[in-house]
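Welcome, and please open the structure in your viewer. We will go from one selection to the next, and at each stop you will hear what is there.

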Amino acid sequence: MSEPRVLRRGWTTREGWRDTKAGLWAWLLQRAAAVALVVVIALHLQNPFIPAVQAVLLGLVLLHGLLGLRAILLDFGLPVGWHRALFAGALGLAILLFVVFWMWRWS
């Protein structure tokens, strides 16, 4: 009898998340940001003048967009060794753009 060819991972245990690579974290973070965007956009449409909702919306849009740009760059053939650098760059650029835009908008 042969072994099943499906990768099984214990998602609910700490051991299941060990050795998770940057590419998977980026994928999970981008999908979580997409789901959160649906909720925050609904809140934003109900009352667009709440600064906290605007901040969360801006942060999620930057995060989702820059991680998507990272995925596009990898699809164009950048080496796999760039996964971690692109992930860190996307997160850093999202934080930098958030701070710059938020300071410009609300100062």
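## First stop: Gln54

This is a predicted model, and the tour begins with a single side chain. Select Gln54 and show its surroundings: leaving out residues up to four places away in sequence, Gln54 touches His44, Pro48, Phe49, Trp102 and Trp106. You will find Gln54 in helix H3. Is Gln54 buried or exposed? Its relative accessibility is 16%, so Gln54 counts as buried, the cut-off for that being under 20%.

## Across to Trp102

Now select Trp102, one of the residues that Gln54 touches. Trp102 sits in helix H4. Draw a line between the C-alpha atoms of Trp102 and Gln54: they are 9.6 Å apart in space, with their positions 48 residues apart in sequence. With neighbours within four places in sequence set aside, the contacts of Trp102 are Pro51, Gln54, Ala55, Leu58 and Ser107.

## Step back to the whole chain

Zoom out and switch to a cartoon view. The protein chain has four helices and zero strands, so to speak an α-α-α-α run when read from the N terminus. Colour by burial next: of the 107 residues, 24% count as buried. The accessible surface comes to about 8100 Å², and 71% of it belongs to carbon and sulfur atoms. How much of the contact list links residues far along the chain, 24 or more positions apart? Among contacts with a separation of 6 or more, such pairs account for 58%.

## Helix H2 and Gln30

Select residues 22-46, which form helix H2. Its 25 residues should span 36 Å at 1.5 Å a residue, and its end C-alpha atoms are 36 Å apart, which agrees. Next, highlight the buried residues of H2: Ala22, Gly23, Ala26, Gln30, Ala33, Leu37 and Val40. They pack against H3 and H4.

Pick Gln30 from that set. Gln30 lies in helix H2 and counts as buried because its relative accessibility is 10%. Outside its neighbours within four places in sequence, Gln30 is in contact with His64, Leu67 and Gly68.

## Into the nonpolar core

Follow that contact to Leu67. Not counting residues up to four places away in sequence, Leu67 touches Ala26, Leu29, Gln30, Phe87 and Ala90. Leu67 also belongs to the largest nonpolar core, which has 16 residues; Val40, Leu60, Leu67 and Phe87 have the most contacts inside it. Helices H2, H3 and H4 (83-106) each supply at least two residues of this core. Which helix gives the largest share? That is H3, with eight residues.

## Along H3 to the surface

Select residues 51-75 to see the whole of H3. The end C-alpha atoms of H3 are 36 Å apart, which agrees with the 36 Å that its 25 residues should span at 1.5 Å a residue. Just after H3, click on Gly77, which takes a positive phi of about 105°.

For the last stop, show Leu69, Ile72, Leu73 and Phe76 as a surface: together they make a nonpolar patch of about 420 Å². Ile72, one of this group, lies in H3. With a relative accessibility of 45%, Ile72 counts as partly exposed, because that category runs between the limits of 20% and 50%.

Methods:
Residues are numbered from 1 along each chain as its sequence is written. This is a predicted model: local features need pLDDT of at least 70, side-chain atom pairs count only at pLDDT 80 or more; totals for chains, interfaces and linings use all residues. Side-chain values use heavy atoms; hydrogens and water are left out. Patches are made of residues with over 30% relative accessible area and no salt bridge: like charges are joined within 9 Å, nonpolar side chains (Val, Leu, Ile, Met, Phe, Trp, Tyr) within 5 Å. Accessible areas come from the Shrake-Rupley method with a 1.4 Å probe; for residues, only the protein chains shown count as cover. A salt bridge is a side-chain nitrogen of Lys or Arg within 4 Å of a carboxyl oxygen of Asp or Glu. Buried means under 20% relative accessible area, exposed over 50%, partly exposed in between (1.4 Å probe, protein chains only). A nonpolar core is a set of buried Ala, Val, Leu, Ile, Met, Phe, Trp, Tyr and Cys residues joined through side-chain atoms within 4.5 Å. Contact means heavy atoms within 4.5 Å. The expected span of a helix is 1.5 Å times one less than its number of residues.
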